Amino acid sequence: MDLEDELSLIIGKNNTGKTSVLWVLDKFLNEKSKFNFDDFNVEYKSAVKNLIEDAHDIPFEDYVENGLELKLFIQYDESDNLSNISRVMMDLDPNNNVITLGFHYLLDYENYLKARREYRDFNAKEQAKKIENTLYDIKGVFDFLKRYQKDFFRIKKRSYLFEIASQMIDPNTFLDLESENITTKEIINFKYISAKRDVTNKEPDSTLSGQTSRIYQRTEASDEQNDAVEKFKDKITETDTQLSDVYKSLFEGIIEKVKIFGGIIRNESEIEIISTLQHRELLEGNTTVVYRHSSDHQLPEHYNGLGYMNLISMIFEIEILVQEFKRDKALKPADINLLFIEEPEAHTHPQMQYVFIKNIKALLREGVRRDDGINRPLQYIITTHSSHIVADSDFSDIKYLKKLESSGVISKNLKDLEQVYADASKYQFLKQYLTVSRAEIFFAEKAILIEGDTERILLPTLMRKVDIEEKARLAAVRQEDQFLPLLSQNISIVEVGAYSQIFEQFIEFLGIKSLIITDLDAVDADGEKCPVADGTGFSNSALSFFFGAVDLNDLLGYTITQRTFAKTANAWILQDDGKLCIVYQTAEDDYRARSFEDAFIHLNRQFIADAKDSFQGLKKTAYFDDASKNAYVLANECIKKKTHFALDILYHSDAALSNWKIPSYIKEGLLWLKTD
């Protein structure tokens, strides 16, 4: 994953590892964080199980250390201060300006043998318990590792040689940081704000007020704002004197009672109660954040919504962490200061999400700046599920996490798409369209690319109708457990007009299953629009792009498997299990339509004719009673406005959506998309 100089915005659909990025950084870079068995993925847990349970030990020469790894690649140049990194530099070649720090949580050979021995003892005890109590549930290797994995796995920190020519790490040439007593604290400092923030607007809680004392503690500890701190302490001293005088009368009775008991020497048991306010403790629990409602009214913090509290709390928390990055004067800030903010959109509505992402750069651009002149840049990572945050972000800041066909995940820079698109104008169009209009596609499991308003209005209803029909079909054969609704799947619908081919690189970039719904667009010998039956060609540029040099008759004869593609070597090729399918009008009752409206009218002429006078999107409604007028004529001459016609269909649908039919090409495509 490449990190930008300032903001790196990590996005991706669910379970692609956004949170894992946070936790692996925290557990390797912050020594107080500890690993546990559940940090391992399912595949690795199974691999360790096999290692421990295997009947024979692996010979030393065949054993490969295994576990969790984090490698940080740090690039420097001649303008950087190299004092902190000099001890971890593995190559003095000025052209090799990359340091590779490796952090490992490993099961080495010695501990591998130890784990096998101790598991045998553990298992023997479990078997004995089973003999004593036949109802006893024997604990297996996973239970053993959950309890004892920390006894076998070890953290190792290394600096590896990075070979600039091959752009590869030499795994056999490294410096052991622990044996050399080298710390990485001066090189990189990592802090984070988790998505699980303690923000609540319940009346007894004072989330924001509590944070003010933490802000003061960090400010005082870093010796910032000296004048303000000293004024605060002076005022407390004055208050101590005044309160001590008040305490004399306030506690006079109890003081006299103590005197009565006396001591051997006069006044030996005489006490005083004086004020000893502590400046840090005074703030804790004694500062209150309020919302100024007007010049005369203030409201407690819990009177406002969670969204505002979450936003303000993040700003407070960022201020606290920036102060921690600064450190005190005895310790300089680290060379690299990395702040991770997880899902800032929690509890916030879209407008507030826009406010956050628009202002976060300005808030953090000052970096880690101290009064003594030391200044360090601040890099920050934000993970999000919010299309609103993505829409108002710089395209070049975005990192997209993509699942591979195997169990891996890779990070891709959206700005790399600029190199993929040979035509700069196409890339610019894609960038503007996605960030302004359709950023939600980045978080989708599947996508449907449609041409226009009619499909956009009707498609959710078409999907619901497919769900209704599929549920009934499976129920009839008693296979209800196989029903997976289309509407429950994470599908993004993107209106692309006649530009679906411009999105082809982006579709391949995302790697998600995608359906393109388009029109056949038949034309005659003069290139003019015409019924499919009279057509000699087609004018749809998307079909030409994906299918290549084919004629209208070829398209008319293709089955759905002949319209399913995969991207290989920069070309789309037909492939039965490909992730891209293109559907267009097909024959129904020996009739081939040219457009959606044409296809829908052909199938549902009576449905429309029965209510034609109340269809707001129609004109020349008498044509529907003329049998000589086919669907092509009706679509071209009777539709007044396509969007109104689509709304008419919805308005006149019955509750079960059973009084009209879906054109077969759309149904076929939706059923293809529905399957995994």
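Which residue of strand 22 stands opposite leucine 515? To find out, open this predicted model and select strand 17, residues 513-517. Leucine 515 belongs to strand 17, and the residue opposite is cysteine 581 in strand 22.

**Strand 17 and its partners.** Keep strand 17 selected and add strand 22, residues 580-583; the two strands pair in the parallel sense over four bridges. Next, add strand 15, residues 446-450, which also pairs with strand 17 in the parallel sense over four bridges. Here alanine 447 has serine 514 of strand 17 as its bridge partner. Now inspect the two faces of strand 17: Lys513, Leu515 and Ile517 lie on one side, Ser514 and Ile516 on the other, and all are buried. Because five of its five residues are buried, strand 17 is largely enclosed by the rest of the structure.

**Helices 2 and 4.** Select residues 42-53 (helix 2) and 141-148 (helix 4), whose axes come within 10 Å and cross at roughly 100°. Helix 2 is therefore roughly perpendicular to helix 4. To view the contact, display Lys45, Ser46, Val48, Lys49, Ile52 and Glu53 of helix 2 with Val141, Phe142 and Leu145 of helix 4. By class, this contact comprises five nonpolar, one polar and three charged residues.

**Helix 21.** Proceed to residues 642-651, where Thr643, Phe645, Ala646, Asp648 and Ile649 are buried. Their cover includes helix 14 (453-476), helix 18 (596-603) and helix 19 (605-610).

**Cysteines.** Finally, select cysteine 530, which is buried with a relative accessible area of 5%, and cysteine 638, buried at 0%. The disulfide count for the model is zero.

How values were computed
Residues are numbered from 1 along each chain as its sequence is written. This is a predicted model: local features need pLDDT of at least 70, side-chain atom pairs count only at pLDDT 80 or more; totals for chains, interfaces and linings use all residues. Side-chain values use heavy atoms; hydrogens and water are left out. Buried means under 20% relative accessible area, exposed over 50%, partly exposed in between (1.4 Å probe, protein chains only). Contact means heavy atoms within 4.5 Å. A disulfide is a pair of cysteine sulfur atoms within 2.5 Å. Axes are lines fitted to C-alpha atoms, for helices over the stretch in contact, and angles run from 0 to 180 degrees between N-to-C directions. Angles under 35 degrees count as roughly parallel, over 145 as roughly antiparallel, 65 to 115 as roughly perpendicular and the rest as oblique. Ala, Val, Leu, Ile, Met, Phe, Trp, Tyr, Cys and Pro count as nonpolar, Asp, Glu, Lys and Arg as charged, and the others, Gly among them, as polar. Two strands pair if DSSP finds at least two bridges between them.
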